[in-house]
Each structure stands twice: as structure tokens, then as C-alpha cells.
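Trainee: I should like a close look at the annotated active site of this protein. Please describe where its residues lie and what surrounds them.

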Amino acid sequence: MRFAVIVFPGSNCDEDMYYAVTDQLGETAELVSYTATTLAGFDGVLIPGGFSYGDYLRCGAIARFSPIMPAIIEFANNGGLVLGVCNGFQILTEAGLLPGALRENKTLNFICKDAPLKIENTQTAFTSAYGQNTEIRLPIAHGEGNYYCDEATLAQLKANHQIVFTYQDNPNGSVADIAGITNEAGNVLGMMPHPERAVEWLLGNTDGLPLFESMAAKVRQ
Ligand SMILES: NC(=O)CC[C@H](N)C(=O)O
């Protein structure tokens, strides 16, 4: 499988994402500039974390107007797998590919720590490889990770099983403890925790690896 890792000005987790899916997962990947206008030939799109455009205006609000975005939207609308992590999640909500918004953490501090999570849906293209393992731990590192949506959207997310990850200790004030959601079709996932920072024992944690294994298994299907 061939992953595209999108690089915006200010991305800082692109190399980690690349390393996770090449060295650790054993698939191929390419770093794709925000100036590119096509994603032809890729089987999956990874939007990494960071501070795109310096987080000016709102995290992800400027990246969403980048030249690559129409290609990402087309890729998603054609059913392609798209994963947005942290700043990637923020970009996906700003682009309208995922509902809701990420606001400033309730503490108004940047939070950088390990977060215990619950996998609420193991039947997705991003979580199938977790099996019965529904309690995991992934690093978080964000200033604007406080997920917000209105009541009607939350009811929809629940009814369609779009809530994939929740925090066990809600560090940022997110509605319904939400740490990650999919779109209605299930092919776009946005999450604040960083699975690419937890893919080998040298890092002290491998809880992120099954997420990428799930994506690869889905593409092979
Ligand atoms: N690690 C990240 O992607 C951080 C995202 C964003 N810059 C924030 O602080 O919320």
C-alpha cells in the first residue's frame, strides 16, 4: 500500500508519520507537499500534526485553503482512507470533511502527556486490528484539542457510531470525552492523540501500530 503524508508549512509530525508506516508497518509512503494538486496512485492519505501556518487565525484554518485540499476532498469523497492526527484533525474539521470544531483546551494550556483512551468502535477501517483490546494509551500534545459540536451533531455521531476514541480522563474539555471521530461513511478519521508516536517498544508504546495495520488491511481487502 502507498501512503501520502501531506506536508504543510509548519507540519512537524510528518517525518514521524512517514517513519511509522514505512519502517514500522513496512508499507511505502511519500511526503507530498501542500502545493501538489493530485493524489493519484495513493491508497491512503495521512495528514500529520504540527502548527500549519503557525496556527494563525485558528489551527488548520489557513491550511484548509492550500492547493492540495481539493485533491484530499476528492480522495475522501471517492471513499479513500484519510487519517488526520492532531493538527490533521483540525484541518479536516476546518475543511468540512468532519463535523464539529477543535477549540482551546479548557485549561488554556498546551497539554503534552500520555492519555488513556477507550476505543468506542472497533469495527472501523482504522480500528479493526485492535480486536478485543479497547483500552489503550497514546500521547497527546495540543493547545486546541477541545472537541466541540452541537447537540444534534452529537446525537448523529452517537447514532452512526462515529465516535471512535474517547478520553478516560478528558484533559481538554471535549464534548462527550471525544478524542477521535469518523465521517458518516467511515473512511475519514480525525483524532487528537498521536498513534505515530507509539509504534515501537523503543518509544515505550506500540498502541498506535494497530491503527495503521487496520488501514493497510482495509486497503488489501
Ligand atoms: N501536535 C499538534 O498537531 C498540535 C496541533 C495544534 N498546533 C495545537 O496546538 O492544538
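Mentor: The account below begins with the annotation and then takes the residues in turn. The model is a predicted one. In the unreviewed UniProt entry, the annotation "active site" covers Cys86, His194 and Glu196. These positions are spread over 111 residues of sequence, yet they cluster in space, with a largest C-alpha distance of 11.0 Å.

Cysteine 86 sits in the loop that joins strand E4 (81-85) to helix H3 (87-94). Cysteine 86 counts as buried because 30 other C-beta atoms lie within 10 Å, where 20 or more suffice. Leaving aside residues up to four places away in sequence, Cys86 touches Cys13, Gly49, Ala141, His142, Met192 and His194.

Histidine 194 also belongs to a loop, the one between strand E11 (188-191) and helix H5 (209-220). Histidine 194 is likewise buried, with 24 C-beta neighbours inside 10 Å. With the same exclusion of residues up to four places away, the contacts of His194 include Cys13, Gly49, Cys86 and Ala141; among the others are Val85 and Leu138.

The ligand connects with this picture. Cys86 is one of the residues around the ligand, as are Gly49, Ala141 and His142; these three are also among the residues that Cys86 touches. The shell around the ligand divides into four nonpolar, six polar and two charged residues.

As for the setting, the protein chain contains five helices and 11 strands, and 48% of its 221 residues count as buried. Among contacts between residues at least 6 apart in sequence, 75% join residues at least 24 apart.

Methods
Residues numbered from 1 in each chain as written. Predicted model: local features only at pLDDT ≥ 70, side-chain atom pairs only at ≥ 80, totals over all residues. Near = placed C-beta within 6 Å. Nonpolar A, V, L, I, M, F, W, Y, C, P; charged D, E, K, R; others polar. Helix = DSSP H or I, 4+ residues; strand = E, 2+ residues; numbered from the N terminus. Buried ≥ 20, exposed ≤ 12 C-beta atoms within 10 Å, placed from the backbone. Contact = placed C-beta atoms within 7 Å. UniProt positions renumbered as here; feature names shortened; annotations may be inferred.
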